[in-house]
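Here's a walk through the structure, starting with the overall layout and then zooming in. Keep the 3D view open as you read.

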Amino acid sequence: MRIRDAKVVICCPGRNFVTLKIQTDDGIYGLGDATLNGRELAVAAYLTEHVVPCLIGKDASRTEDIWQYLYRGGYWRRGPVTMTAIAAVDVALWDIKAKALQTPLYNLLGGRVRDGVMVYGHANGRDIDEAADEVGKYLSQGYLAVRAQCGIPGLPTTYGVSKDKMFYEPAEAGLPVENSWSTEKYLGHVPKLFERLRSTYGDEVHLLHDGHHRMTPIQAAHLGKQLEPYRLFWLEDAVTAELQEGFRIIRQHTTTPLAVGEVFDTVWDTKTLISEQLIDYLRMSLRGGGITALRKIASFADIYHVQMGSHGATDLSPVTMGAALHFDLSISNFGVQEYMHHSPETLEVFPHAYSFVKGYMHPGDRPGHGVDLDESLAAKFPYQRAYLPVNRKLDGTLWNW
Ligand code: GCO
Ligand code: MG
């Protein structure tokens, strides 16, 4: 089963996606997602110019050896562009292997250890009333876990709040838009949202919140304490995590569970966080090196009681969503999977086997990861330059978005 050809397909059915398609000499193909929001063409060029030429002629079944070849063999290790590219190759090769063996991917990962994958939806509103109504809509659709974000009085825009509700998409065409931010205003408002949600919806629902890297450790510690009465499932990305030791400060002050990891690239981003038990959930997606890497990271996390809570934003294509569900179904230390809805156009471009029933998702039982690409439809949606916003404090200082 030799690799005969590999190509990169870029499309924009509402937002940009980069897909790697690898073909073998016995007629099987596999798909991997190479999307890196706002930096898509860098990964596409990395793959086309530097990775694809090395793949041709290799034995497609040697997933581990090819992973090592691209990571160790590249000499320049880590970084989002490199790891997104390696992930795309790795997921495409696992797809091929499972298709060749005519079995759903989860069977190659140890088989399923649960019946379904609990997912959380994104509820958001311009104010607390609207956000509370949106949480109610998710609950009436059967969701067991909901992330809640709301507008902050005095700030024109806030992370996680959108007009489109179900199809929240922070990247915008053109050059980056500028948002403004005040952590002080935010800290005073968020506990009121969760007080309302618990008093309206009771104790059963799992409530989550994303701080999107904007606090300092001591501010995050303060927020965690304020939120303790409302028993969050997790507080996500309370601070940026380049300084892993920073989480010690948060941990010393609060029992609110902590989640982080959507921007992580390798196990090295997690080492202190996991081995010192400074977090409860690791939110890396398969973008951090694919199934081969994430299986190992999940095993490392497992011995320190850290559960996986995969990033599942819409900037990851349905290919990542499908593959992630196989991964989630097969690891013992699974917590929850993020599920943001892709647009109807995106779902048409990527026919898929996964489905949502009563709060849980299932990847389906098609051979491989179960997600395909309609190339002729994709060609009707050409790439459009788009960026995530940048963020400034009220005095103009550039801050984390
Ligand atoms: C999340 C994330 C996303 C990111 C996005 C950036 O928790 O889903 O924070 O919404 O903002 O992935 O491209
Ligand atoms: Mg997040």
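What follows goes from the domains to the metal site, then to a helix and a pair of loop residues.

First, a word of caution: this is a predicted model, so treat the distances and angles below as computed from a prediction.

Let's begin with the big picture. The protein splits into domain 1, covering 3-103, and domain 2, covering 109-367. Taken over C-alpha atoms, the centres of the two domains sit 26 Å apart. Where they meet, 30 residues of domain 1 are in contact with 31 residues of domain 2. Together the two domains bury about 2,200 Å² between them, and 62% of that is on carbon and sulfur atoms. On the domain 1 side, P13, F17 and D33 lose the most area to domain 2, together making up 22% of what that side buries. There's some charge pairing too: the rule finds 3 salt bridges across the interface of domain 1 and domain 2. As for a particular ion pair to look up, try E169 and R15, which form a salt bridge with their closest N and O atoms 2.6 Å apart.

Now for the metal. Which residues hold the magnesium ion (ligand 2) as protein donors? They're D210 (OD), E236 (OE) and E262 (OE), at 2.0 to 2.2 Å from the ion. Along the chain these donors follow the spacing D-x25-E-x25-E. Take D210 and E236 as a pair: D210 is in strand β8 (residues 206-210) and E236 is in strand β9 (residues 234-236), so this pair, 26 residues apart, links distant parts of the chain. Both D210 and E236 are buried.

Next, have a look at helix α10 (residues 318-330). With 13 residues at 1.5 Å a residue, α10 should span 18 Å, and its end C-alpha atoms are 19 Å apart, which agrees. Is this helix enclosed or open to the outside? Of its 13 residues, 13 are buried, so α10 is largely enclosed by the rest of the structure.

Finally, two backbone oddities. R78 isn't a glycine, yet its phi is positive, near 65°. You'll find R78 in the loop between α2 (63-71) and α3 (80-100), and it is partly exposed, with a relative accessible area of 37%. H305 also has a positive phi, about 65°, although it is not a glycine. This residue, H305, belongs to the loop between α9 (290-302) and β12 (307-308). With a relative accessible area of 65%, H305 counts as exposed, the cut-off being over 50%.

Notes. Residues are numbered from 1 along each chain as its sequence is written. Chains are lettered from A and ligands numbered from 1 in the order in which they are written. This is a predicted model: local features need pLDDT of at least 70, side-chain atom pairs count only at pLDDT 80 or more; totals for chains, interfaces and linings use all residues. Side-chain values use heavy atoms; hydrogens and water are left out. Helices (H or I, at least four residues) and strands (E, at least two) are DSSP runs, numbered from the N terminus. The expected span of a helix is 1.5 Å times one less than its number of residues. Buried means under 20% relative accessible area, exposed over 50%, partly exposed in between (1.4 Å probe, protein chains only). Donors are N, O and S atoms within 2.8 Å of the metal (3.2 Å for Na, K and Ca); water is not among the atoms, so sites may look incomplete. Domain bounds come from an automatic or database domain assignment. Contact means heavy atoms within 4.5 Å. Buried area is the accessible area (1.4 Å probe) that two parts lose on being put together, summed over both. A salt bridge is a side-chain nitrogen of Lys or Arg within 4 Å of a carboxyl oxygen of Asp or Glu.
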